[in-house]
Amino acid sequence: MNSPFSGRKVLVVEDEMIVAWLLEDMLAELGCAVIGPAASINQAVAMIDAEAIDAAVLDVNLNGQMSYPIADVLAARGVPFVFSTGYGKDRLLDGYRIFPVMQKPFHRSELEDTLAQLLARKEPTGVSVTVDVDPREEAAAVGGAT
């Protein structure tokens, strides 16, 4: 397959295995090399440390833990990513609403368009997002949903 995404390493962070498998299949059909899936913050950070990653798809809620620490690591390294959630962008914490969001369920065409936008602007930005929030507020901000 001759795709603009051929060989691009995309990290999948998703705690629901069926969703992770579907996402892996979509990415593979686009020609991407899938890293993961990671189902926790620690797994994801370990994968980021171990692999050169071109982009990432982050589920917002990982079994009750928000994926914001993963977003911070990716942003600090200049790796573009998209949040994936069953809720709207307005449910993200303020400092994270600047990042792209795909509303679950999404189609392969939406993933393809989003990935194209992420990789087109992949330039190390050095942007680091740090938001000090009480963990209880984080859970309420996203509504505890994936």
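Across which strands does helix α2 lie, and at what angle does it run to β2? In this predicted model, α2, which comprises residues 41-50, lies across β1 and β2 and runs at about 150° to β2. An account of this helix leads first to the overall architecture, then to the sheet beneath the question, and finally to the cores and to several individual residues.

The protein chain contains five helices and seven strands. Followed along the sequence, these elements give the pattern β-α-β-α-β-β-β-α-β-β-α-α. The chain has 146 residues, of which 44% are buried. Contacts also link distant parts of the sequence: of those between residues at least 6 apart in sequence, 67% join residues at least 24 apart.

Five of the strands form an open sheet with parallel pairing, in the order β2-β1-β3-β6-β7. Strands β2 and β7 (101-103) occupy the edges with a single partner strand each, so one side of each is left without a neighbour in the sheet. On average, and with direction ignored, neighbouring strands of this sheet are turned by 20° against each other.

The pairing of β1 with β2 can be followed residue by residue. Strand β1 covers residues 9-13 and strand β2 covers residues 33-38; the two run parallel and are joined by four bridges. Leu11 stands opposite Ile35 of β2. Between β1 and β2 the chain passes through helix α1 (residues 17-29), and this β-α-β crossover is right-handed. A further bridge pairs Val10 with Val34 in β2. Helix α1 itself lies across β1, β2 and β3 (55-59), and its direction is at about 170° to β2.

Helix α2 has two distinct sides. Ile41, Ala44 and Ile48 of α2 are buried. Because these residues cover an arc of only 70° around the axis, they are on the same side of α2. Asn42, Asp49 and Ala50, on the other side of α2, are exposed. The packing partners of the buried residues of α2 are β1, β2, β4 (61-62), β5 (65-66) and α3 (68-76).

The interior may be considered next. In soluble globular proteins, nonpolar side chains tend to be buried together. Here the largest nonpolar core has 25 residues, and Val13, Leu58, Tyr68, Ile70, Leu74, Phe81 and Phe83 touch the most other members. At least two residues of this core come from each of β1, β2, α2, β3, α3 and β6 (81-85). The contribution of α3, five residues, is the most that this core receives. Another core, of 17 residues, lies apart from the largest one and includes Val10, Leu30, Val57 and Leu119. Val10 is thus a member of this other core and also the bridge partner of Val34.

Two helical residues illustrate differing surroundings. Thr114 belongs to helix α4 (residues 108-120). Its relative accessibility is 13%, and Thr114 therefore counts as buried, the cut-off being under 20%. When residues up to four places away in sequence are not counted, Thr114 touches Val82 and Met102. Asp25, by contrast, is found in helix α1. With a relative accessibility of 46%, Asp25 counts as partly exposed, because this value falls between the 20% limit for buried and the 50% limit for exposed. The C-alpha atoms of Asp25 and Arg108 are 9.5 Å apart in space, although 83 residues separate the two in sequence.

Several backbone features deserve attention in closing. The peptide bond from Gly36 to Pro37 is cis, with omega near 15°, and Pro37 lies in strand β2. Lys104 and Pro105 are likewise joined by a cis peptide bond, for which omega is about -10°. Pro105 is in the loop between β7 and α4. Asn63 is located in the loop between β4 and β5. The phi angle of Asn63 is near 50°, a positive value in a residue other than glycine. With a relative accessible area of 62%, Asn63 is exposed.

Terms used:
Residues are numbered from 1 along each chain as its sequence is written. This is a predicted model: local features need pLDDT of at least 70, side-chain atom pairs count only at pLDDT 80 or more; totals for chains, interfaces and linings use all residues. Side-chain values use heavy atoms; hydrogens and water are left out. Two strands pair if DSSP finds at least two bridges between them. A crossover is right-handed if, with the strands pointing away from the viewer, the path from the first strand over the helix to the second runs clockwise. Axes are lines fitted to C-alpha atoms, for helices over the stretch in contact, and angles run from 0 to 180 degrees between N-to-C directions. Contact means heavy atoms within 4.5 Å. Buried means under 20% relative accessible area, exposed over 50%, partly exposed in between (1.4 Å probe, protein chains only). The arc is that of the directions from the helix axis to the C-beta atoms. A nonpolar core is a set of buried Ala, Val, Leu, Ile, Met, Phe, Trp, Tyr and Cys residues joined through side-chain atoms within 4.5 Å.
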